[in-house]
Amino acid sequence: MIDPVEEIKKHTSGVVPLPTAVPGNTPIYQQASGTGHRTLWVVFVIMLISSLAFYIMAFRVPVQKRLFHILTAFITTFATLSYYAMAVGDGVGQNKITIKHTQKHFPDTYDVIYREVYWARYVDWSVTTPLLLLDLCFLAGLNGASILVAIVADVIMILTGLFAAFEVQETSKWGWYAMACIAYLVVVYQLALNGQRVAKQKDNKTATFFAAIGGFTLVLWTLYPIIWGIADGSRNINVDSEIIAYAVLDILAKPVFGFWLLFTHDNMASSASIDGFWANGLGKEGTLRIGDDDEGA
C-alpha cells in the first residue's frame, strides 16, 4: 500500500522552502523611553538652576565686569529652553531610513526605520556654542577676524550636523558629517593654535587658565561627533543612550564650564573691565539728534 504522505515528501524534498515570514514589512521605531524623558527633565532643571546662579553672580559684580557672566548665563538659558522643548516633545522629529536587503533567490526586502531626531538640540548648539567660543576668545584675547572665522566655522559645523541627522541617503549623510568635521578642525585651529599663542602674551595665570579650560572644552567637543557617529549616524546605540550621552556632555560643557570660568576669572587680578557703551550706553557723542535748532538758524 502506498503512503501518500511519503510520496509527497519524495517529490518535494528538493524544493527550497519559502520563508514563512517576509522581513521588513513592519516599521522599526527607535524612540526614547521613560529613561530618556526623565533624563531630559533632569538636565532641564540643572540648566535652569545654573542660569539663575549665573545671573545672581552677574548682579554681584559691577557692570564693567559682567561680560563673561552675561555670556555664560545666556548659554545655559538657551540650553534650558532647548531641554524643556525636548522634554515636552516639541523639539523632536523623525527621520525615515529605508534599508535594502538584497536576496539571491528571493525578491529584495526593505527595513523601514523611524528614528527620533531632537532638532531642538541643534538649535541650542547653533546659539550656545558661538557664545561659548566668545567666552574663550575673549579670555585668550583673540582679534576680531579670528573670532569671526571661529564662529562661522562653528555655525557651519552645527548646521551640517543637522542636515546629516535628517539625511535619508547613507552616502549623503556621511558627506555632511565630513563637512562638519572639517569645520570643527577650523575651530580647533583658532582655539588651540591662535588662541594659545595670543594667551601666552598675557600673564602666566591667564595663559595657564586658558590652556586648561580650552583643552577641557576641546576634549568635550571632540566627543560630540563621536556620539553622533554611533547614534544618529550608524544607529548603533538606542535613543535613550544617545540622550544620556549628550546630557552628560552638555552638563560638563555648559554649567561646569561656566562655574569654572566665572569663579576662576573673578579671582584673577587681570579680570576684564569694559567701559564705554557696554557700561554707560551711548554718550552725547553717539546720540542721534533730529531737527537740531542750529541747522535751521
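User: What is the relative accessible area of Cys181?
Analyst: The structure is a predicted model, and its accessibility values are computed. A residue is buried under 20% and exposed over 50%, with partly exposed in between. Cys181 belongs to the partly exposed class, since its relative accessible area is 27%.

User: Is Cys137 buried or exposed?
Analyst: The cut-off for a buried residue is a relative accessible area under 20%. The area of Cys137 is 0%. Cys137 is therefore classed as buried.

User: How many disulfides does the model contain?
Analyst: A disulfide requires two cysteine sulfur atoms within 2.5 Å of each other. When this rule is applied, the count of disulfides is zero.

User: How many salt bridges are counted?
Analyst: Side chains of opposite charge can pair when their charged atoms come close. For a salt bridge, the nitrogen of Lys or Arg must lie within 4 Å of a carboxyl oxygen of Asp or Glu. By this rule, the number of salt bridges is six.

User: Which residue forms a salt bridge with Arg115 at 3.5 Å?
Analyst: The distance of 3.5 Å is that between the closest N and O atoms of the pair. The bridge links distant parts of the chain, 117 residues apart: strand S3 holds Arg115, and helix H7 holds its partner. Arg115 is buried at 2% relative accessibility, and the partner is buried at 5%. That partner is Asp232.

User: Which four residues are linked in a network of salt bridges?
Analyst: Arg115 and Asp232 form one salt bridge, and both residues belong to the network. The network of salt bridges links Arg115, Arg121, Asp232 and Glu242.

User: Which helices hold the two residues of the salt bridge between Lys254 and Asp124?
Analyst: The closest N and O atoms of Lys254 and Asp124 are 2.9 Å apart. The two residues are 130 residues apart, Lys254 being in the helix of residues 239-266 and Asp124 in that of residues 119-140. Lys254 is buried at 4%, as is Asp124 at 3%. In that order, the helices are H8 and H4.

User: How many residues apart in sequence are the parts that Arg235 and Glu170 tie together?
Analyst: The side chains of Arg235 and Glu170 meet in a salt bridge of 3.4 Å, N to O. Arg235 is in the loop between H7 and H8, whereas Glu170 is in helix H6, so the separation in sequence is 65 residues.

User: What is the angle between the ring planes of Trp125 and Tyr224?
Analyst: Tyr122 and Trp125 form an edge-to-face pair, with centres 5.3 Å apart and planes at 70 degrees. The rings of Trp125 and Tyr224 are also edge-to-face, because the planes of such a pair are over 60 degrees apart. Their centres are 5.4 Å apart, and the angle between their planes is 80 degrees.

User: Which residues do ring pairs link into a cluster with Trp125?
Analyst: Trp125 and Tyr224 are both buried. Tyr122 and Trp125 lie three residues apart in helix H4, about one turn of the helix. The other residues of the cluster around these ring pairs are Tyr122, Tyr224 and Tyr246.

User: Which helix supplies the largest share of the lining of the largest cavity?
Analyst: The largest cavity holds about 350 Å³ of space. Its lining has 21 residues, with Trp125 and Tyr224 among those nearest its centre. By class, 16 of the lining residues are nonpolar, three are polar and two are charged. The largest share, five residues, comes from H4.

Key. Residues are numbered from 1 along each chain as its sequence is written. Side-chain values use heavy atoms; hydrogens and water are left out. Buried means under 20% relative accessible area, exposed over 50%, partly exposed in between (1.4 Å probe, protein chains only). Helices (H or I, at least four residues) and strands (E, at least two) are DSSP runs, numbered from the N terminus. On a 1 Å grid over the protein atoms alone, a cavity is a set of points where a 1.4 Å probe fits but cannot get out, and a pocket is an open set with protein on both sides within 12 Å along at least five of seven lines; lining residues have an atom within 4 Å of a point. Grid points are joined across faces, edges and corners, and a volume is the space filled by probe spheres set on the points. Ala, Val, Leu, Ile, Met, Phe, Trp, Tyr, Cys and Pro count as nonpolar, Asp, Glu, Lys and Arg as charged, and the others, Gly among them, as polar. Rings of Phe, Tyr and Trp (its six-membered ring) pair if their centres lie within 6.5 Å; planes under 30 degrees apart count as stacked, over 60 as edge-to-face and the rest as tilted.
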